[in-house]
Amino acid sequence: VEEQLAQSQKMNAVGQLAGGVAHDFNNVLQAIIGYSDLLLANHRPTDPSFQDIMQIKQNANRAASLVRQLLAFSRRQTLRPEVLNLNDRLYDLSMLLKRLLGERVELDLSHGRDLWFVKADLNQFEQVVMNLAVNARDAMPDGGKLSIRTANVTEPEAARLHVSGMPPAEYVLVEVTDTGTGMASEILEKIFEPFFTTKEVGKGTGLGLSTVFGIVKQSNGFIDVDSKIGGGTVFRIYLPRHIPEVQEVPESTKEDTAKKP
Ligand code: ADP
């Protein structure tokens, strides 16, 4: 519990710092891009310096795109929690997921039947799934299988280990399993840290899993991971079950009862 708390605080601090630096840095980059444009306008494409100035501009643009990712990470998005049926939302995502995974990675979606509801921000939920899917894809360069399974779980053992205070007794589980490279324990220890990445420069920011961690924490859920070198990786996301209030009963159900004499 303390470890997860420390992690959350670290995330907040890094987020604020990164946001502040990113914002100022972006202004500097915009000036560089602006002056490059001015120079380019005064040079013919055949001038020897034209290509050099282009390089300056392109690199500044690249830096600006990294800064934008940082800003997106640190910005507190306005959350709109709503009652979600995760099976339906995963189904909606399946086309996008298939495109993201490419032809060599098979997608296996198996829905727990009669899944409980959770209350969460749809955008954030999608971000969690997409981030996990991107990592899974990157861990399976020679192809493989990504399985996403949902289930209702009551008082998982892990809940007692992870949640301080009175944990809700019931959770919805989203389990994301890949058949990829897996991770050594030294790597596994660090994956939720902001900016930790083993990917090439330009390919990974190291913000994917810390974002996932932040979102799951914010929803009072928790996250578990099992991984073995050569044996693939399983991420388990537990989100507290939401029991809808009477007002939240879908309109169609209400009409049905109203029509009856
Ligand atoms: P990024 O993807 O930008 O590197 P993440 O925070 O999403 O940042 O992931 C951090 C690191 O955790 C990755 O660089 C990779 O080493 C490791 N990792 C994450 N997911 C997996 C996975 N499914 N299989 C193997 N390694 C993974």
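**A mixed sheet, its helices and a ligand shell**

Five strands make up an open sheet, lined up as β2-β4-β5-β7-β6 with mixed pairing; strands here are DSSP runs of E with at least two residues, helices are H or I runs of at least four, both numbered from the N terminus, and two strands pair if DSSP finds at least two bridges between them. The model is a predicted one, where local features need pLDDT of at least 70, side-chain atom pairs count only at pLDDT 80 or more, and totals for chains, interfaces and linings use all residues. Residue numbers start from 1 along each chain as its sequence is written.

The edges belong to β2 (105-110) and β6 (222-228), each with a single partner strand, so one side of each has no neighbour in the sheet. From one strand to the next, the twist averages 15° (axes are lines fitted to C-alpha atoms, for helices over the stretch in contact, with angles from 0 to 180 degrees between N-to-C directions). β6 pairs with β7 (residues 232-240) in the antiparallel sense, over 7 bridges, and F222 has Y238 in β7 as its bridge partner.

Now for the helices. α3 (residues 86-101) lies across β2, β4 (144-154) and β5 (170-178), at about 175° to β2. α4 also packs on the sheet, touching β2, β4, β5 and β7, and its direction makes about 25° with that of β5; contact means C-beta atoms, placed from the backbone, within 7 Å.

Around the ligand sit 22 residues, the closest being N135, A139, T197, G204 and G208 (near means a C-beta atom, placed from the backbone, within 6 Å). α4 (122-138) and α7 (208-218) are the elements giving two or more residues to this shell.

Note on methods
Two residues are in contact if their C-beta atoms, placed from the backbone, lie within 7 Å.
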